[in-house]
Amino acid sequence: MWQHEYTAETAAAPHAVWAVLSDLDNWTDWDTSMEAVALDGPFEVGGKVTMTPAGQQPIVSVITRIEPERAYADRTEFGGAVLDFSHTLTALPGGGTRVVHRLEITGPDAALLGPELGPMITEDFPEAMAALLARAERPERPGRTV
């Protein structure tokens, strides 16, 4: 297994962060590592998301967890590895939100692929998180309310 976490905090409330995070069709507004992101069907556990990382072929992820204003997770199978991504939102005392973005790589080839693939995937976590939180802090932010 290989894992990585990145944590950041914002003055935005959990509902504001959730509105941006759960609006999958508009992830490319803030996640510059993606050329396209599209929800294929309803926003629910088991739903599919087609993501096209910059300069790469599209991949399909399956939503594995939705807890409105608390957590979103999806899974992507890549060769002999399973990539589990999650965003966990925690309300801070006095206001604001802590967001933990996590990647865990498991599966039969995780020991080989994790150390090579993991750092390449997670290198943009700080930039993507900063953009997500900046978007959540904007009063005119679009987004889904679930």
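Which glycine takes a positive phi in the hairpin of S6 and S7? Keep that in mind as we walk through this predicted model; we will reach the spot along the way.

**Stop 1: the sheet**

Switch to a cartoon view and find the strands. There are 7 of them, forming an open sheet in the order S1-S7-S6-S5-S4-S3-S2, with antiparallel pairing. Strands of a sheet pair through backbone hydrogen bonds, so try displaying those bonds too. At the edges are strand S1 (2–10) and S2, each of which pairs on one side only. Neighbouring strands are turned by 20° against each other on average, direction ignored.

**Stop 2: the helices**

Now select residues 14–21. This is helix H1, which packs on the sheet and touches S1, S4, S5, strand S6 (81–91) and strand S7 (97–106). The direction of helix H1 makes about 150° with that of S6. Next, select residues 110–122 to see helix H2, which lies across S1, S5, S6 and S7. Helix H2 runs at about 145° to S7.

**Stop 3: strand S6 and its partners**

Colour S6. This strand is mostly covered, with 8 of its 11 residues buried. On one pairing, 8 bridges join S5 to S6 in the antiparallel sense. Pick phenylalanine 78 and you will find alanine 81 of S6 standing opposite. The hairpin of S5 and S6 has 2 residues between the strands, and there glycine 79 takes a positive phi near 60°.

S6 also pairs with S7, antiparallel again, over 10 bridges. Select phenylalanine 85 and look across to its bridge partner in S7, leucine 103. Here is the reply to our opening puzzle: the hairpin of S6 and S7 has 5 residues between the strands, and glycine 94 takes a positive phi near 85°.

**Stop 4: S3 and S4**

Move to S3 and strand S4 (residues 59–67), which run antiparallel and are joined by 4 bridges. Lysine 48 makes a handy marker, as it stands opposite valine 62 in S4.

**Stop 5: the aromatic rings**

Show the side chains of Trp18, Trp27, Trp30, Phe43 and Tyr72, which ring pairs link into a cluster. The model has 4 aromatic pairs. One of them is the stacked pair of phenylalanine 43 and tyrosine 72, at 6.1 Å centre to centre with 10° between the planes. Phenylalanine 43 lies in the loop between strand S2 (34–40) and strand S3 (48–53), while tyrosine 72 is in strand S5 (residues 71–78), so the pair ties together parts that are 29 residues apart in sequence. Are these two rings buried or exposed? Phenylalanine 43 counts as buried at 14% relative accessibility, and tyrosine 72 counts as buried at 1%.

**Stop 6: the charged pairs**

Finish with the salt bridges, of which the structure holds 7. Select glutamate 9 and arginine 98, whose side chains meet at 2.7 Å, N to O. Glutamate 9 lies in strand S1 and arginine 98 in strand S7, so this pair ties together parts that are 89 residues apart in sequence. Glutamate 9 is partly exposed, with a relative accessible area of 48%, and arginine 98 is partly exposed at 32%.

Then select arginine 75 and aspartate 84, which form a salt bridge of 2.7 Å, N to O. Arginine 75 counts as partly exposed at 36% relative accessibility, whereas aspartate 84 is buried at 18%. For a last look, show Glu5, Arg102 and Glu104, which are linked in a network of salt bridges.

How values were computed. Residues are numbered from 1 along each chain as its sequence is written. This is a predicted model: local features need pLDDT of at least 70, side-chain atom pairs count only at pLDDT 80 or more; totals for chains, interfaces and linings use all residues. Side-chain values use heavy atoms; hydrogens and water are left out. Rings of Phe, Tyr and Trp (its six-membered ring) pair if their centres lie within 6.5 Å; planes under 30 degrees apart count as stacked, over 60 as edge-to-face and the rest as tilted. Buried means under 20% relative accessible area, exposed over 50%, partly exposed in between (1.4 Å probe, protein chains only). Two strands pair if DSSP finds at least two bridges between them. Axes are lines fitted to C-alpha atoms, for helices over the stretch in contact, and angles run from 0 to 180 degrees between N-to-C directions. Contact means heavy atoms within 4.5 Å. A salt bridge is a side-chain nitrogen of Lys or Arg within 4 Å of a carboxyl oxygen of Asp or Glu.
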